[in-house]
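User: I'd like a close look at one part of this model, the sheet pairing, with some context around it. Take your time and tie it together.
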Amino acid sequence: MLTPYPQPYTSPSACPGAPDSGPVPDAAELSCSMTLPASPRSAGIARQAVRAALRAYALEPLEPTAVQAASELLGSAWRMDPYGELYLSVRYRDDALRVIVYDGHPAHAHPRLAALCEARRRSTLRVFSALVCDHGGDWGLGPSREPGGGTRTWATLPNRPYRPPNG
């Protein structure tokens, strides 16, 4: 039978598969984001997604720190806003990985209440803070610039392998 398809012929209903391997994409193109439910399980989903994205872009040296950072940020955001949605963004720019989490917890108008709320959030991020510092990175939190408001927490991790403080 004459056919325009290369041999062996497959059914027209079969979708062509992606090649198993190919060139590794440029790390500067890494831009991954997702919306997750406010749930304790979201941190596990985030760990898997960050791990897969870093491996796809050959950024394995960042994997241990970035996976833990995403997990800690999602866990903290869930504690502060347990009924909304959480948004995770992972981007690689200027030889550094930026992990950002947005949650819907609004800023408080009363200064003392705002200070107590920020102290509570920072206390949930003690392990995260030490992890980012040990990696030579930076982190912060503040009001979200997104239209829905809420809080934005972020970490910037330079592209270098994680070395434990005593190692």
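In β3, which residue is the bridge partner of serine 89?

Analyst: That one is isoleucine 100: serine 89 has it as its bridge partner in β3. Before going further, a note on what you're looking at: this is a predicted model, where local features need pLDDT of at least 70, side-chain atom pairs count only at pLDDT 80 or more, and totals for chains, interfaces and linings use all residues. Residues are numbered from 1 along each chain as its sequence is written, and side-chain values use heavy atoms, with hydrogens and water left out.

Back to the pair you asked about. Strand β3 covers residues 96–103 and runs antiparallel to β2, with 7 bridges between them (strands pair when DSSP finds at least two bridges). The link from β2 to β3 is a hairpin with 2 residues in between. One of the details there is aspartate 94, which sits in the turn with a positive phi of about 50°.

β2, at residues 85–93, has another neighbour: β1, residues 31–37, is joined to β2 by 7 bridges, and those strands are antiparallel too. Proline 37 has glutamate 85 as its bridge partner in β2. Put together, β2 pairs with β1 and also with β3.

Now the wider layout. The protein chain holds 4 helices and 5 strands (DSSP runs numbered from the N terminus: H or I for helices, at least four residues; E for strands, at least two). Read from the N terminus, the order is β-α-α-β-β-α-α-β-β, and β1 and β2 are the strands on either side of the first two helices in that order.

One of those helices is α2, residues 63–80, and glutamate 63 belongs to it. Is glutamate 63 buried or exposed? Glutamate 63 counts as buried because its relative accessibility is 11% (buried is under 20%, exposed over 50%, partly exposed in between, using a 1.4 Å probe and protein chains only). Leaving out residues up to four places away in sequence, glutamate 63 touches Arg51, Leu54 and Arg55. Its C-alpha atom is 9.4 Å from that of alanine 53, and the two residues are 10 apart along the chain.

For the protein chain overall, buried residues make up 37% of the 167. Of the contacts (heavy atoms within 4.5 Å) with a separation of 6 or more, 64% are between residues 24 or more positions apart.
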